[in-house]
Amino acid sequence: MTNGSTLRGRLGAWFRTPRTLRSSGRKRLVLAGGGLVLAASVATFASFTDVANLNLGNGADGSGIGNPEKFDLAVVLPDGTVEQADTDAGYNWEVPGAETLIPGGTIATTIPIFNNSARIDASIAVSLVLLNGDGSVAERPNITQFLRFSATRDGVELFAERPWSEAQGEFGILSARDADPLNPGDPFTEGATNSAGSLELTIDYLDLPETENFNGGQSAFRVHFGAESTQQ
């Protein structure tokens, strides 16, 4: 499961001022065999050499261009501990009443998420993604087409009564945590103001005559939080 940040560069420049060589431009007269011969004096110039080395972070002491901190988004489990849920397998989030949902019924769940980056803000979008390609569950009838989704962030509507393909919206900005990042399994502790928020997801099962042919059906999908680093 694509951040204020500080960019630090180090300039390590060494300059050597080139020497200035001067030569006379005067011509001299040389007496040779009673005649006058004009002979120009020839000046010999040394080659000029110089260097300028500018290290924009030498890497040896940890300095370099770019923010060295990890950009991270995490969720808070019902037991109050931290979970990354950033692998392709994801995390199996339990939805109360999921196994009792029938046509005409509604279930809901609240998912707390937080910005686990110390000094990088996060812009977050939320969407639904079908599992197993089409949302199917083993040999069960697939009821995905009859489900409608609504979501709010801390009471503010993101989308309402949408099929899964349209169930997406901007969750908005979560500010940098302004505290040390938490590790998976750690008890969640609050960070800076607006560094955490909650998605309230509601799932309705439409009561239509066609659902009679999908008796015992199920659907499998995931809530996807896509975060991008940002600076406010």
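**A predicted all-strand chain: surface, sheet and salt bridges**

On the surface of the chain, L54, L56 and I65 form a nonpolar patch whose members have about 310 Å² of accessible area together. Of these residues, L56 is placed in the loop between β2 and β3. The model described here is a predicted one, and the values given below were computed from its atoms.

The chain contains 0 helices and 11 strands, so that its elements, under the definition of helices and strands used here, follow the pattern β-β-β-β-β-β-β-β-β-β-β when read along the sequence. Of the 232 residues of the chain, 28% count as buried. The area that the chain exposes comes to about 14900 Å², and carbon and sulfur atoms supply 50% of this area.

Among the strands, an open sheet of 6 strands can be traced in the order β4-β3-β5-β10-β7-β8, and its pairing is antiparallel. The edges of this sheet are formed by β4 (82–83) and β8, each of which pairs on one side only. At the β4 edge, β3 and β4 are paired in the antiparallel sense over 2 bridges, and V76 stands opposite V82 in β4. On the way inward from that edge, β3 is joined to β5 by 3 bridges, the two strands again running antiparallel, and A74 has F114 in β5 as its bridge partner. The next step in the order links β5 to strand β10 (residues 196–205), and here 9 bridges join the two antiparallel strands. Within this pairing, the bridge partner of A108 is T202 in β10.

Two salt bridges were identified in the structure. In one of them, the side chains of R119 and E69 meet at 2.1 Å, N to O. Because R119 lies in the loop between β5 (106–115) and β6 (121–130), while E69 lies in the loop between β2 (35–39) and β3 (73–76), the pair ties together parts of the chain that are 50 residues apart in sequence. With a relative accessibility of 43%, R119 counts as partly exposed. The loop that holds E69, between β2 and β3, is also the place of L56, one of the residues of the nonpolar patch on the surface.

The other salt bridge is formed by the side chains of R153 and D154, which meet at 3.7 Å, N to O. The two partners differ in their exposure: R153 counts as buried because its relative accessibility is 12%, which falls under the 20% limit for buried residues, whereas D154, with a relative accessible area of 48%, is partly exposed. In terms of secondary structure, R153 is placed in strand β7 (residues 147–153), and D154 lies in the loop between β7 and β8.

The surroundings of R153 can be described further. The side chain of R153 reaches the backbone oxygen of I173 at a distance of 3.3 Å. When residues up to four places away in sequence are not counted, R153 touches L158, F171, G172, I173, L174, N194, A196, S198 and E200. I173 is thus both a residue touched by R153 and the one whose backbone oxygen is reached by the R153 side chain.

The backbone of D154 also deserves mention, as the phi of this residue is near 50°, a positive value in a residue other than glycine. Most residues other than glycine have a negative phi. A positive phi is likewise found for D178, where the value is near 60° and the residue is again other than glycine. D178 is found in the loop between β9 and β10, and D178 is exposed, with a relative accessible area of 61%, while D154 at 48% relative accessibility counts as partly exposed.

A further loop position is that of S165, which is placed between β8 (156–162) and β9 (168–174). At 41% relative accessibility, S165 counts as partly exposed. S165 and S127 are separated by 38 residues in sequence, and their C-alpha atoms lie 8.4 Å apart in space.

Methods:
Residues are numbered from 1 along each chain as its sequence is written. This is a predicted model: local features need pLDDT of at least 70, side-chain atom pairs count only at pLDDT 80 or more; totals for chains, interfaces and linings use all residues. Side-chain values use heavy atoms; hydrogens and water are left out. Helices (H or I, at least four residues) and strands (E, at least two) are DSSP runs, numbered from the N terminus. Buried means under 20% relative accessible area, exposed over 50%, partly exposed in between (1.4 Å probe, protein chains only). A salt bridge is a side-chain nitrogen of Lys or Arg within 4 Å of a carboxyl oxygen of Asp or Glu. A polar contact is a pair of N or O atoms within 3.5 Å; within protein, one must be able to donate a hydrogen and the other to accept it, and residues adjacent in sequence count only if both atoms are side-chain atoms. Contact means heavy atoms within 4.5 Å. Two strands pair if DSSP finds at least two bridges between them. Patches are made of residues with over 30% relative accessible area and no salt bridge: like charges are joined within 9 Å, nonpolar side chains (Val, Leu, Ile, Met, Phe, Trp, Tyr) within 5 Å. Accessible areas come from the Shrake-Rupley method with a 1.4 Å probe; for residues, only the protein chains shown count as cover.
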